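Please open the model in your viewer and keep the sequence panel beside it. The stops below are given in the order in which to select them.

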Amino acid sequence: MLRFFYDRLLLAYPKSCLLVILLVVAVLGYEARKLEIDASAETLILEDDKDLQFTRQVSTRYGSSDFLVISYVPHDDLFSDKVLTDLAQLRDELKALDGVESVISILDVPLLESPPRPIKELVSDVTTLESPKVDRELARKEFQNSPIYRNLLVSPDLSTTALQVNLPEDPLFKELLERRNELHKQSETRELTIAESAELSDIESRFKTHRDMMRADQHRNITEVRAVMDGHRESADLFLGGVSMVADDLITFIKADLKIFGLGVLCLLALTLWLIFGQLQWVFLPLLCSVLSVVTTCGLLGTFGWEVTVISSNFISLQLIITMAVTIHLVVRYRELICKSPEADQRQLVFETALSMVKPCSFAVLTTVAGFSSLILCNILPVITFGWMMSAGITVSLLLTFLLFPALLVLMPKRVPTICVISSSITGVLAQFTEKRGRMILVLSSLLLIGGAVGASRLMVENSFIDYFRKSTELYQGMKVIDEQLGGTTPLDVLVDFEMEETPLEEVSGEELGGLLDELDAEFEAEKGAAQYWFTAQRMERVEVVHDYLDSLPETGKVLSLGTMLKVGRRLNEGEDLDNFELALIYNELPEIYRRIILSPYVSVEYSQVRFAVRVRDSEKNLRRNELLQTIQRDMTEKLGFEPGRVRLAGLLLLYNNMLQSLFSSQIQTLGAVVAALILMFLVLFRSLKVALIAIFPNLLSVGTVLGFMGWTGIPLDMMTITIAAISVGIAVDDTIHYIHRFEREFAVDGNYLAAMHRCHASIGYAMYYTSITIIIGFSILILSNFIPSIYFGLLTGLAMVIALVAALTLLPQLIIRLQPFGPEQK
Amino acid sequence: MRYLFSAILCVLLLASPTLADAPNEVRELLKVKIDAVVVLLQDKTIEKTHRNERVLDIISPIFDYPTMAKLSLGKKHWPTLSQEQQVLFSDLFHKRLQASYLEKLDLYSDEEILYGTAQAEGKKVHVPTTLVSKGSKIEMFYKFYRSAEGWKIYDVEIGGVSVIQTYRSQFDGALSEGTINDLLEKLRIDDTFVIDAADVKEVSPK
């Protein structure tokens with residue numbers, strides 16, 4: 001079949017075939033413009049997380065608006081004329097921007113205790129820092145001690161202040177998002193009707209279009225805000241923060257990674273190819289195959305709407321590297337054949353090259369696909385998508401390379417290389433080492449495996465989002481300031497359900513009061529569920545107890561809740577608690593504008609529920625997220641006496657922790673799956689259990705070393721590093737396959753294990769060596785990323801490749817020689 | 001038979017002229033009382049203790065403190081109290097209401113009181129009033145019922161918040177966590193159980 005295809009079709013009509021291939025690539029390449037990048041917070045969390053539903057429900061119930069935070073660290077005293085003037089100017093410039101709805105700074109918030117006055121007066125005459133006769137010393141004290149402003153607008157030491165830049169709400173986005181999520185939820189429980197499916201696909205496309213428009217606006221907004229900030233850097237250090245800014249910066253990072261690494265890897269690979277082969281065609285051909293493969297894959301991703309996330313931001317470089325590895329094997333094989341039979345004609349040589357390499361390369365690619373496919377077993381959406389993306393990409397690479405490479409090569413003139421044997425002393429040295437120091441190799445390998453296993457057992461999943469970024473990035477610096485000075489970055493919601501009022505229709509037990517009194521009693525009973533009466537002293541007392549408890553935890557920064565309002569109320573009420581009646585009146589009479597700020601985000605009377613909006617200091621080194629969440633849950637029931645079902649947690653910290661906690665199981669699952677898949681493939685390929693087990697061993701050694709190294713050096717598992725093990729096994733196993741495949745053939749020549757080993761090292765060994773070096777050099781460019789997990793990914797995959805190469809050229813032949821899986825030696 | 005029926009109907013109608021006139025009667029009753037209190041408040045020559053005594057003399061006849069005490073516990077809790085506890089509770093509650101009322105009289109300045117149209121519902125009449133001062137308006141509802149001794153106030157609603165309902169929710173909460181004796185003790189000493197009617201002025205920036 002393959003013979004027929006190559007002989008009668010591809011190599012017979014190479015130009016026509018090329019035309020068809022290039023047409024397909026061009027069509028798909030055109031679709032590549034649809035390739036999209038997604039860096040929303042949702043890409044960092046688990047796909048089927050029940051807490052995600054709850055968190056969405058909480059944010060719908062309590063409302064959430066989008067804003068940016070500018071941390072402003074003045075060079076002079078915060079309350080000096082100079083600084084306040086600059087701050088006012090900054091605020092006014094920001095306010096004047098089109099994409100900014102309002103700005104809240106220390107200049108705009110009402111001063112409640114500077115000086116202390118009765119509430120009646122406060123309301124009729126609001127004083128701010130900008131009021132003419134304000135006492136700044138009193139204001140300074142108020143900001144430092146206020147339950148609301150401290151840790152929110154100013155750092156406790158007053159060295160830093162924050163400006164909250166509110167962005168306009170986007171009701172359409174919210175509406176589309178809610179409807180989309182609703183339909184998704186429905187589709188999980190039952191099959192959608194035809195109308196619903198149509199609506200879903202319509203909403204999906206409208207959602208995407210709208211989101212893209214919104215992102216462009218957001219990017220412009222952020223750029224404008226940054227430009228305004230730049231005008232004030234002489235008086236203060238300014239940092240931008242906020243969810244939209246993180247997402248926007250991440251998109252910028254991803255775009256930069258895609259471009260820089262794509263181009264960087266391409267240049268590095270070109271250089272490596274030139275250094276190895278010294279002939280332009282061996283630079284041109286592999287590069288062309290790699291680039292067209294990437295273009296085609298981008299087209300496929302655009303067509304299917306798979307979006308590039310932080311995790312998959314290096315898919316271009318990865319695909320370039322893997323495609324290059326395949327083409328290098330083809331080049332090496334072709335050169336081997338041309339040196340062996342220089343008189344053979346080009347078509348015959350190309351035919352032989354393609355045919356002899358189809359099997360090992362297909363298996364090598366299949367194993368790599370297995371490595372990437374195993375990622376779909378974990379339940380982190382961007383990792384799953386990455387798995388699919390790469391599996392599709394590598395399959396494209398295999399197909400395109402085996403079509404393009406022969407079709408192009410057959411059209412090129414035959415050129416016998418000037419140097420036929422590209423020798424590397426390293427493979428020779430390793431062959432000698434394997435022959436002479438067999439026992440040492442086994443001992444060293446065992447030690448490495450044991451060390452790796454012990455190290456792997458020390459692996460941690462704890463890592464902070466801040467640490468994902470280089471310290472030099474504004475993203476890191478901004479988050480660090482907010483984290484340390486302004487109450488923490490990662491939101492956690494604690495929701496407490498109070499008992500619901502009985503329904504008014506329910507008959508109240510008890511004796512009659514007598515006559516008309518029963519009628520009056522019924523009147524009150526009918527109205528007792530009214531919202532304003534929800535605020536009882538008992539409930540408020542419990543709210544404050546929970547508030548104080550959450551505030552007392554060392555890991556938490558700012559806590560905002562109904563408790564904050566109660567504390568402010570007490571300060572204004574000469575130290576007296578606000579009573580039921582006052583609270584009911586506040587609830588009833590408070591104008592909507594204030595209600596939206598101080599009540600609605602923290603209490604839902606309808607559901608008899610209160611929300612404590614906690615921010616956790618993410619960069620705290622001793623932060624143990626899982627432990628913290630468990631402690632809160634436990635203390636709320638055991639120490640504060642709430643029934644277990646009445647306290648629920650939500651928010652990004654919880655979702656992020658769920659993702660982190662799933663990493664261990666995901667790591668074991670993906671790795672387990674890839675090893676099982678590889679053993680199966682080895683069995684199919686080599687038809688011997690013994691060979692399959694021998695083949696898997698060097699790969700286990702390489703992955704064990706990498707995981708052990710991470711454990712010993714304290715590199716945590718994260719969404720990106722979790723993929724290293726499976727991917728590096730998938731890539732590194734190529735060496736094993738090529739080596740064993742060749743060994744089988746070489747052993748058949750003279751039935752001598754040692755001689756076969758030396759011949760293998762001298763032939764396929766070089767190809768393995770060069771492909772590995774190419775891959776390692778390719779991955780090394782990832783250290784330039786702004787995204788720390790990408791750097792780890794580059795370095796650790798490189799390490800895995802080194803170990804895999806050395807193991808494939810020492811341990812693997814040693815095991816083969818000792819265990820003699822291809823039968824006894826022929827004397 | 002037809003005549004007999006008509007005759008009975010006429011007798012019944014004639015027998016209840018007060019109900020037909022009730023809204024106006026109650027509105028007038030309230031107006032007289034409040035106007036009298038306002039006159040006292042505007043007279044700065046009267047000594048405060050004496051003034052308060054006279055104010056209570058004026059308003060006490062229309063406030064049904066015992067009924068308000070019962071309603072504040074409702075039939076869920078009231079019948080569970082012993083007779084002795086009921087007497088004690090009524091007494092403390094009565095004092096609370098009076099104290100909080102008097103405490104706030106000093107805050108009266110020059111508010112104008114507007115009387116709306118009273119609404120009758122069976123044996124109940126609700127009189128809406130509006131307290132108007134510079135730039136702010138506060139709605140107040142006086143809720144009367146017809147007792148054996150005439151029209152009496154059983155609840156006052158200020159800014160949409162019923163005084164009795166607020167006590168009910170608070171007492172219900174207190175009794176679900178503690179005993180009646182705890183509640184009695186709290187009423188005796190704890191200021192959080194005093195409702196400040198004048199808070200309305202402070203917290204309603206509308």
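**Stops in chain A and chain B**

Begin by selecting strand 1 (residues 67-74) of chain A, where seven of the eight residues are buried (20 or more other C-beta atoms, placed from the backbone, within 10 Å of a residue's own), so the strand is largely enclosed by the rest of the structure. Strands here are DSSP runs of E of at least two residues, and helices are runs of H or I of at least four, each numbered from the N terminus. This is a predicted model, in which local features need pLDDT of at least 70, side-chain atom pairs count only at pLDDT 80 or more, and totals for chains, interfaces and linings use all residues. Residues are numbered from 1 along each chain as its sequence is written, while chains are lettered from A and ligands numbered from 1 in the order in which they are written.

Add strand 3 (residues 161-166) of chain A, which runs antiparallel to strand 1 of chain A and is joined to it by six bridges, two strands being paired if DSSP finds at least two bridges between them. Within this pairing, S71(A) has A162(A) as its bridge partner. Strand 4 (residues 236-241) of chain A is likewise antiparallel to strand 1 of chain A, with six bridges, and there L240(A) stands opposite I70(A).

Next, move to chain B and select H126(B), which lies in strand 3 (residues 124-133) of that chain. H126(B) is partly exposed (between the limits of 20 or more for buried and 12 or fewer for exposed), because 18 other C-beta atoms lie within 10 Å. Finally, show K143(B), 17 residues away along the chain, whose C-alpha atom is separated from that of H126(B) by 4.5 Å.
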